[in-house]
Amino acid sequence: MQFERLGPKGRNQLKDMEIECTYRVPVAGGWTPEGLRALLCGARRTVVVAHQNADGDAVGSLTGLYAVLRDMTPADVTPILPDGCPDDLDWLPNTDRIVDCSREPERARHLVAEADLIVATDLNGLDRTGRMSDAFLASKARKVLIDHHVGPHRDEFDIVISDDGISSACELAYWGTDAATSLYSGICTDTGTFSYSNDRQSLYLAAAELLTRGIDPKAINLNIKNVFTTARLQFFGHAMSRLMTVYDDKSLALMVISRDDMKAYGMTSAELTGLVNEVMRLRDVDCAILVREEADSVRLSMRSKVHVDVNLLARELFDGGGHERAAGATSHLSLQETVARVKQKFNVK
């Protein structure tokens, strides 16, 4: 784990630190659990933010940290999402408190401008807040990052709590919190209910501790998994049968979804969450890439099992990133040009 402080003369790089199994923030370089608490408690107006196109880890860590800060600090705390909370996650506690920047842009920008502390979770840089990135980057507030992605933008934050070996932002954020339902949910979604990103003991220690706090794991799993409408399930079937190409000699599956495809089934981008993971169920596929057309860009979701480092692939293709086995990117080319670049990378037609 890297835990860093930025001073007036620039970043003070600290040594790697051992992670305590209770996940208290380690003492290092003058920052202690108490020192971090003092920073959080000293704020008057705090904004908590996660990335655009929010998934379970983003919403779980956002609402979990909101609950913690609301209870431990006198500050006015507001959770923000660039494009709101997906419908299939609105059962999580405190999602009704989230400000949707796409629906209330003026209010969101005012909240960011007035904040004296910004806590960012489940993103490695403020550019992942989409159209709100300029507001966050311009803010003079102190900034804290809690994240598990490769390559955190350290120069954007005053404190960085980052470990790309951790399963999820929720696992990383669970120190000192009672927001167990939100955080356990985020761990489940980012690990595929413990089916990947599960090679560290800390994951199970975190889950075990959260289980002691009265959560209902059966109910959480039901809410995570059983959220499909008929139209969504039909679209997943349509996408798997009509919009996907499997290149057996490359162990590659490429799925291309246009806006017209989504419109025909009444789908939103949020409802495509999990589709690329379904592709990974194919026995002979090592790498799956989902390319979907948005209103003003093209989004790519990438997964792999063993051989392809999709974090590197995303970075090379469109300056994206994420993790070795799960990554994403945004293309500002057309859908056809984006697909052509992916095919060229794999030398397929």
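The expected span of a helix is 1.5 Å times one less than its number of residues. Keep that in mind for helix H9 in this predicted model.

**Helix H9 and what packs on it**

H9 runs over residues 230-242, and its 13 residues reach 18 Å from the first C-alpha to the last, close to the expected 18 Å at 1.5 Å a residue. Four of its residues are buried: Arg 232, Phe 235, Phe 236 and Ala 239. They sit on the same side of H9, because they cover an arc of only 105° around the axis. Turn to the face pointing away from that buried side and you'll find Thr 230, Leu 233, Ser 241 and Arg 242, which are exposed.

So what covers the buried residues of H9? The cover includes two strands, S9 (244-247) and S10 (252-257), along with two helices, H10 (259-265) and H11 (275-279).

**The sheet**

Those two strands also belong to an open sheet of six strands, with mixed pairing and the order S9-S10-S11-S12-S14-S13. Its edges are S9 and S13 (321-322), each of which pairs on one side only. Further in, S10 pairs with S11 (residues 287-293) in the parallel sense, over six bridges. If you want a pair of residues to click on, Met 255 stands opposite Leu 290 in S11.

**Around Tyr 184**

Now over to helix H6 (residues 180-190), where Tyr 184 lies. Is Tyr 184 buried or exposed? Its relative accessibility is 6%, and the cut-off for buried is under 20%, so Tyr 184 counts as buried. Setting aside neighbours within four places in sequence, Tyr 184 is in contact with Phe 194, Ala 207, Leu 210, Leu 211, Ile 215, Pro 217 and Ile 220. There's also a long-range relation to look at: Gly 64 is 120 residues away from Tyr 184 in sequence, yet their C-alpha atoms are 9.5 Å apart in space.

**Salt bridges**

Side chains of opposite charge can pair when their charged atoms come close. A search of the whole structure turns up 14 salt bridges, and the table gives some of them.

| Salt bridge | Closest N to O distance |
|---|---|
| Arg 103 with Asp 100 | 3.6 Å |
| Arg 109 with Asp 134 | 3.1 Å |
| Glu 278 with Arg 281 | 3.6 Å |

Which parts of the chain does the bridge between Arg 109 and Asp 134 tie together? Arg 109 lies in helix H3 (residues 105-114) and Asp 134 in helix H4 (residues 133-138), so this pair links parts that are 25 residues apart in sequence. Arg 109 is partly exposed at 34% relative accessibility, and Asp 134 is partly exposed too, at 44%.

The Arg 103 bridge has a split character as far as exposure goes. Arg 103 is exposed, with a relative accessible area of 72%, whereas its partner Asp 100 comes out at 14% and counts as buried.

As for the remaining pair in the table, Glu 278 is partly exposed, with a relative accessible area of 33%, while Arg 281 is exposed at 67%. Glu 278 and Arg 281 meet through their side chains. For orientation, helix H11 (275-279) is one of the elements covering the buried residues of H9.

Key: Residues are numbered from 1 along each chain as its sequence is written. This is a predicted model: local features need pLDDT of at least 70, side-chain atom pairs count only at pLDDT 80 or more; totals for chains, interfaces and linings use all residues. Side-chain values use heavy atoms; hydrogens and water are left out. Buried means under 20% relative accessible area, exposed over 50%, partly exposed in between (1.4 Å probe, protein chains only). The arc is that of the directions from the helix axis to the C-beta atoms. Contact means heavy atoms within 4.5 Å. Two strands pair if DSSP finds at least two bridges between them. A salt bridge is a side-chain nitrogen of Lys or Arg within 4 Å of a carboxyl oxygen of Asp or Glu.
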